[in-house]
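The following exercises are to be worked with the sequence and the coordinates at hand. Each task is followed by a solution in steps.

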Amino acid sequence: MAVTQFSFDVRVIVPPHTKLKKFFEELEKGKIMGTKCKKCGKLYFPPQADCNKCLSSDMDWVEIKGTGKLITYTVTHVAPKAYTNIAPYVIGVAQLDEGPKVTAWVRDIKPEEIKVNMKVKLVTEKCEDGITRYILKPEG
Amino acid sequence: MRRVAVVGVGMTKFGVLADKSLREMAFEAFKEALEDANLAPKDIESVYTAINADHFSSQVSPGASVMEYLGLNPKPNIRIEAACASSSAAIRLAWLDVASGLHDIALALGVEKMNEAGRTTAEIIQFMGTGGDITWENHYGPTFPGFYAIFAINHMHKYGTTKEQLAMVAVKNHYYGAMNPKAHFQREITLEQALKSPMISYPLQLYDCCPISDGAACAILASEDVAKKISDTPIWITGLGLGTSSVALHNREDYATIPGTVEAAKQAYKMARVEPRDVDVACVHDCFTIAEIMAYEDLGFCKKGEGGKLIEEKQTYIGGKIPVNVDGGLKAKGHPTGATGAAMTYEIVKQLRGEAGKRQVPNAEIGLTHNVGAHGTYVCVHIYRR
């Protein structure tokens, strides 16, 4: 991921924080990683370096399978300046079978065919702008 | 804690105020409030200036700049940020100053200049979108209409809420906006117009969204002793609640509710010792039409899932079960983010004094303001009584 300064008209991409660097490295390789607290077992996805349940910072990296169902979504027609060239695009929230929820683009499906509760899978994708993201795609 | 009353309110007209700077708008609202309270600048002992984003005005620490322009240096001032709930948060802190006995008279002033020459809607939408989670959401190009559209789809799926019901909120708020000389939009719209308007973020269309506005509003708060001396119509602040919700959508349990609203409402009702059914008039945070429907439910004006029915039955018009946003709401009155909470207080104070003119709710005794920051990250609920 490239690092850019805040501005009104460019995409804001935060730098990979040291503690979560592995997430961004694995994402480039096609793997989606979460963190799991070694003390209490709570699974964090997207990953967190610290567990706010038991206050431990001793975390394991675990791979996310990414299967789940779409809870809700929107089709963005009027987009932020840096995204107007790809509008309309779909942002969805999915409930993963593994427990956590995730917000991501829903791709490979026409917006009008999207249904709440449809099965989705979280996969990695190198997008048109060169940024590798996790994306929700229809499954089954 | 001492009893605290609002003794003066002021606000500018809301809209695209190209000829007014941030400080000039603040001054205009301040002057009206001083005249309303029959006070002089020297009487103000403490100030909370609410401004949502430095980026809109390009002035870092804009509260200090406003304070200087009002001529109130070297009195105490802190700039407050709680996103779109900033000036309700300022009122809460001004209340604490007075209730605690630290000061007798405090000013809470909110102001925002969102429109500047050369700034496009797409740029403002992009900047506002950074109110979502910057690490995990921002690179999907989220927008504020988008966040609330995500809530709307969930609400429609769970409770059968319809796009027509959403549009009915806009029709009501434009109906009342047409009666408010300070509203951004002072014209009525039809249901058909709303349903035919351009799609912004499905299922929300243009008329489901509040405008991008400039404006200022403020309230002067005083202790019981002072209030009774200087005012024949003190409006008492009897309940305050402050709740929060996660920034990231993935950390929410439910997308058809604002958890911070439920919490803030619980606190405010308990403190004021009232029930939702006791409220005579309410200003709720209708940044989008779905937000007003969720507010009906989260504030207890109806059961969860019945917000769509409440507007369909016109129960939130004057004469209905609970008149809501009879000033036009954010939808028609406008939403200069930092000023919105104080503008809600302005309306409730006018309503409880019986000074709201054509849009007066008859014999209103208890009023409520509900001000949401971002998509629920901060929520203030305040209860007022005459």
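**Exercise 1. A salt bridge and the cover of its partners**

Is Glu355(B) buried, partly exposed or exposed? Determine also which residue Glu355(B) meets in a salt bridge.

*Solution.* The model is a predicted one.

Step 1. The relative accessibility of Glu355(B) is 42%. Partly exposed is the class between 20% and 50%, so Glu355(B) counts as partly exposed.

Step 2. The side chain of Glu355(B) meets that of Arg353(B) in a salt bridge, at 3.2 Å from N to O.

Step 3. Arg353(B) has a relative accessible area of 14% and is buried.

Step 4. Glu355(B) also appears among the contacts of Lys350(B); with neighbours within four places in sequence left aside, these are Val9(B), Glu355(B), Ala356(B) and Gln360(B). Lys350(B) belongs to helix α14 of chain B, residues 340–353, and is buried, with a relative accessible area of 14%.

**Exercise 2. Two salt bridges of one glutamate**

Identify the salt bridges that Glu224(B) forms with Arg3(B) and with Lys228(B), and state where the partners lie.

*Solution.*

Step 1. Between Arg3(B) and Glu224(B), the closest N and O atoms are 3.1 Å apart. Arg3(B) is in the segment before β1 (4–11) of chain B, while Glu224(B) is in helix α9 (residues 224–230), so this pair ties together parts 221 residues apart in sequence.

Step 2. Between Lys228(B) and Glu224(B), the closest N and O atoms are 2.8 Å apart. Both residues lie in helix α9 of chain B, separated by four residues, or about one turn of the helix. In an α-helix there are 3.6 residues a turn, so residues three or four places apart point the same way.

Step 3. The accessibilities may now be assigned. Arg3(B) is partly exposed at 42%, Glu224(B) is partly exposed at 22%, and Lys228(B) is exposed at 53%.

Step 4. Over all chains, the structure holds 30 salt bridges. In chain A, a network of salt bridges links Arg107(A), Asp108(A), Glu125(A), Glu128(A) and Lys137(A).

**Exercise 3. The surroundings of two helices**

How many residues of α11(B) are buried, and against which elements do they pack? Treat α3(B) in the same manner.

*Solution.*

Step 1. In α11(B), 10 of the 10 residues are buried, so the helix is largely enclosed by the rest of the structure. Among them are Thr289(B), Ile290(B), Glu292(B), Glu297(B) and Asp298(B).

Step 2. These buried residues pack against α6 (144–159), α7 (163–177), β6 (204–205), α10 (259–272), α12 and β10 (366–373) of chain B.

Step 3. After α11(B) comes Gly300(B), with a positive phi near 85°.

Step 4. In α3(B), residues 62–70, the buried residues are Pro62(B), Gly63(B), Ser65(B), Val66(B), Met67(B) and Leu70(B). They pack against α1 (22–37), β2 (46–50), α2 (54–57), β3 (77–80) and β4 (105–113) of chain B.

Step 5. Gly71(B), just after α3(B), takes a positive phi of about 75°.

**Exercise 4. A charged patch and a buried valine**

Which residues gather in a patch of negative charge on the surface? Relate one of them, Glu313(B), to Val274(B) in space.

*Solution.*

Step 1. The patch consists of Glu164(B), Glu306(B), Glu312(B) and Glu313(B).

Step 2. Glu306(B) is located in the loop between α11 (289–298) and α12 (307–312) of chain B. Its relative accessible area is 31%, and Glu306(B) is therefore partly exposed. A residue enters a patch with over 30% relative accessible area.

Step 3. From C-alpha to C-alpha, Glu313(B) and Val274(B) are 25 Å apart, and in sequence 39 residues apart.

Step 4. Val274(B) lies in the loop between α10 and β9 (281–283) of chain B and counts as buried at 7% relative accessibility. Its contacts, neighbours within four places in sequence aside, are Tyr269(B), Ile366(B), Ile383(B) and Arg385(B).

**Exercise 5. A summary of chain A**

How many helices and strands are there in chain A?

*Solution.*

Step 1. Chain A has one helix and eight strands, in the order α-β-β-β-β-β-β-β-β from the N terminus.

Step 2. Of its 140 residues, 48% count as buried.

Step 3. Chain A exposes about 6,900 Å², of which carbon and sulfur atoms supply 51%.

Key
Residues are numbered from 1 along each chain as its sequence is written. Chains are lettered from A and ligands numbered from 1 in the order in which they are written. This is a predicted model: local features need pLDDT of at least 70, side-chain atom pairs count only at pLDDT 80 or more; totals for chains, interfaces and linings use all residues. Side-chain values use heavy atoms; hydrogens and water are left out. Patches are made of residues with over 30% relative accessible area and no salt bridge: like charges are joined within 9 Å, nonpolar side chains (Val, Leu, Ile, Met, Phe, Trp, Tyr) within 5 Å. Accessible areas come from the Shrake-Rupley method with a 1.4 Å probe; for residues, only the protein chains shown count as cover. A salt bridge is a side-chain nitrogen of Lys or Arg within 4 Å of a carboxyl oxygen of Asp or Glu. Lys and Arg count as positive and Asp and Glu as negative; His and the chain ends are not counted. The place of a charge is taken as NZ of Lys, CZ of Arg, CG of Asp or CD of Glu. Helices (H or I, at least four residues) and strands (E, at least two) are DSSP runs, numbered from the N terminus. Buried means under 20% relative accessible area, exposed over 50%, partly exposed in between (1.4 Å probe, protein chains only). Contact means heavy atoms within 4.5 Å.
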